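Please walk me through this model in the viewer, one selection at a time. I would like to know what to pick next and what is there.

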Amino acid sequence: MDLFGSFALLLAFVCACYTIVAGIFGIRTGNPSLLKSARNAGIALCVLVMVATASLVYLFYTDNFAIAYVAEHSSRDLPAFYKLPALWSGQQGSLLFWSFLLSVYTFLVLVINRRKHPELMPYVGVILATVQGFFLILNCFVASPFSLLGTVGPTGVPLVFARADGNGLNPLLQYPEMAAHPPNLYLGYTGFTIPFAFALAALLGRYPGEKWIHVTRRWTMIAWGFQSIGILLGAHWAYAVLGWGGYWAWDPVENASLMPWISGTAFLHSVMMQEKRGMMRVWNIWLVFVTFMLCILGTFLTRSGVVSSVHAFAQSSIGHWFFGFLIFILAVCTIAYIKNRDYLRSDNHLDSMLSRESSFLFNNLILLAACFAVLWGTLFPVISEAFTGNKISVGPPFFNKVNIPIGLFLLFLTGVGPLLAWRKTSLDSLRRNFGVPVALSGLAGVVAYGLGFRHFYALVCLILCVFVALTIFGEFFRGMRVIRARTAMNWFSCFTELSFRNTRRYGGYVIHLGIVFIFIGLAGAAFNRDVQGAMQTGDTMTIGPYRLLCQEFEGRQGPNYQAERATIEVSRDGRSLMMLYPERRQFATGNGETGTMVAIYSTVREDLYVVYAGRDPENGAPIIHAYLNPLVKWIWIGGLVLGIGTVLAILPNRRMAIVLSPAAQSAGVGVGPQPAHAVSTYGAQD
Amino acid sequence: MNTRAKFAIGVGLILSTLGYLAWSGVSENKTYYHTISELQALNGPALRQRMRVSGNVQPGTIQHLTGRVDFVLEEEGRTLPVSYVGRDPLPDTFTDKAQALVEGHRMPDGHFVAEQVQAKCASKYEATPGGTPAPRTSGPPASSPSTGKS
């Protein structure tokens, strides 16, 4: 099976080369059968990569410990559920997994568009094959997941052998989130390849109009949605598994995943300027280029050891490959831009400060500033060493200092932007749309201040969250009222009808609401508290309104670990609430690693987060570390809402069943300052 | 005033605010990274900076004392006595020979007082390229619960 897999990868690489060469010749000569064969080779490539991946999965499930990668990352006692995540738990496998996901995207793009966009697709095929070719070089020649364990025999002949059992999967990864987080994040990273390929193709082929944006809108949304969910799952995993009480530490690896998300968010917004007004063409092209390059840069940073991160991959020469690839992409993009920049001229200019355009402009400016700040902070040790000779790093306070004001300003724009009209907004419409939200959010701020809420940023965040949520509810309410007046449906049907009539717009609002929830959760961090102490049976500890009583400590035997567990009774106001069981696991496989199972009592108000932190070295008493983290749950709720919004935004618009009379048309369209985009413009296109 | 000038002012205001925040953010919490041998050659104000030093824990030197943990870091034959005074428990991976990264200040007597300690178990990381806790994931330094919140 190992031979089969590595042969499939090799064949896939050959297909990639063929697709590139045949594609380029096909584009030059316009020979349709050459173009067709290039496309089919591209599809075959994808299938071959899928086959290779399936064969590695098979090797994991059959416990084939002759394969170095399987022996490193799996073991016989590893529960079957975790043998699949073991696939992407190390360098070689995760690179193959990357190729696999890119193949899934590429396969779908090539098959769905096989009879569409005949001028654009050959370019797209070549670009996708180039990216795949790069990863296949790594899969085949640099970091093959199918390498056999070998040793040099007494006569100098290499000998292949199989081990009786493997090292096992890192216990920190043996957690359900860890099965879901990398695929989501990778689907985000790889997904941005699709808009990148279409943008570069449109530029290279001087393809007229904004077609590439229409074609890729859904793909970008899909990639963005996966990236968002992936980042949040990672944060939740860090929170629930690592036992340090937080979910985000501005570690280089986290930053690497955040940067393309930020620039992708900027791209999703600024393409609307191009679609509606023919503006910002150069900006958009570069945004999508930059997003893709940040995806590759992230991979480079985490795998090259340039920036030290405790959980980056081991330092290896693979970084050079990524760096080279990055330079190559930058060169191709720059040359394509210089040669074809005349095709990107704008049709329109900004008319007014109070317009949708200007809110998008500021949104983009500020998102890119955030992205740059994160990049700067992440690369600071490298930059400072190059210029001053001193390796200087900046910690989380730097990132917080810059990004909290940026985040709050963005939150403000989230409320304001969607309600401003294109071109110019009248004062009258401002009053109509924002009067109630401004008044109520101001009131909320005063009440909170009166209640003793003094933290500046948290107070600003509260006011803005109320404001944005009210503008969103206002938008839904106005739209629903119009539909209700026309059709006399109940409010819930009005809500679904409205949402499905313009999924893109209302999906966007739902995503914004998710962002509001996430901000509520983030603001809670301003009020975190923690307490730590050694506890014997019968001892108590108080944190906030909760009283923790340590009832007992016990040992426990799991399938592949030994655990020490504390039983802690939580009470509030003298009333017993529940039992928590923080646990520390000692794994049998590997190097005797330990895992922390945090016990969390989570409510929408606050999380009580209890960690079994170890034993006191002096008297052996168990140490319990308790945290009180307000509002954290809202981050996960926000993630869920964001996911629902993304799905809604991807769905095609529901076509109205009735024949549109002029009056009905204005009902569907005139619900906001910006005419809702004509029903189903994009539904049929992609 | 025309629109273009208004935009220029708006953009300028935003960028200068952010620039100021970034500049002050950097100057407030920059941490110098030094090797043990560089540390011994430092003099003047550079000695009082907040810094990070990495090295391997010399076997047998970890001493748990009341309120602090003493140990010796070594790198290329040079050693540095360290006192860890932070209140978070040391990471599980902090053992003899482990690769450790300490953050804090150097005392005039050459002693290093660390507020944070990160550690990774060298043997594991070298033996398995890519076998680190969280491939391309988010999350704080996986092996170091004591470094998370600062």
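**Chain A, then a helix pair**

In chain A, 72% of the contacts with a separation of 6 or more are between residues 24 or more positions apart. Keep in mind throughout that this is a predicted model.

Start by selecting the whole of chain A and colouring it by secondary structure: 19 helices and 13 strands appear. The radius of gyration of this chain is 27 Å, close to the 26 Å that the globule rule gives for 686 residues, so chain A is as compact as a globular protein of that length. Along the principal axes, its C-alpha atoms fill a box of roughly 80 × 75 × 60 Å. If you colour by burial instead, 52% of the 686 residues of chain A count as buried.

Next, select residues 356-388 of chain A, which are helix H12, together with residues 3-29 of chain B, which are helix H1. Two packed helices are described by the angle between their axes and the distance between the axes. Here the axes come within 11 Å and cross at roughly 20°. An angle under 35 degrees counts as roughly parallel, so H12(A) is roughly parallel to H1(B). The crossing of the two helices is right-handed.

Now show side chains where these helices touch. On H12(A), pick A:Leu365, A:Ile366, A:Ala369, A:Ala373 and A:Trp376. Facing them on H1(B), pick B:Val11, B:Ile14, B:Leu18 and B:Ala22. Which classes of residue make up the contact of H12(A) with H1(B)? Colouring by class gives 9 nonpolar residues, no polar and no charged ones.

Definitions and conventions
Residues are numbered from 1 along each chain as its sequence is written. Chains are lettered from A and ligands numbered from 1 in the order in which they are written. This is a predicted model: local features need pLDDT of at least 70, side-chain atom pairs count only at pLDDT 80 or more; totals for chains, interfaces and linings use all residues. Helices (H or I, at least four residues) and strands (E, at least two) are DSSP runs, numbered from the N terminus. The radius of gyration is taken over C-alpha atoms; the globule rule is 2.2 Å times the number of residues to the power 0.38. A residue is buried if 20 or more other C-beta atoms lie within 10 Å of its own, exposed if 12 or fewer, and partly exposed in between; C-beta atoms are placed from the backbone. Two residues are in contact if their C-beta atoms, placed from the backbone, lie within 7 Å. Axes are lines fitted to C-alpha atoms, for helices over the stretch in contact, and angles run from 0 to 180 degrees between N-to-C directions. Angles under 35 degrees count as roughly parallel, over 145 as roughly antiparallel, 65 to 115 as roughly perpendicular and the rest as oblique. A crossing is left-handed if the near helix is turned anticlockwise from the far one by less than a right angle, and right-handed if clockwise. Ala, Val, Leu, Ile, Met, Phe, Trp, Tyr, Cys and Pro count as nonpolar, Asp, Glu, Lys and Arg as charged, and the others, Gly among them, as polar.
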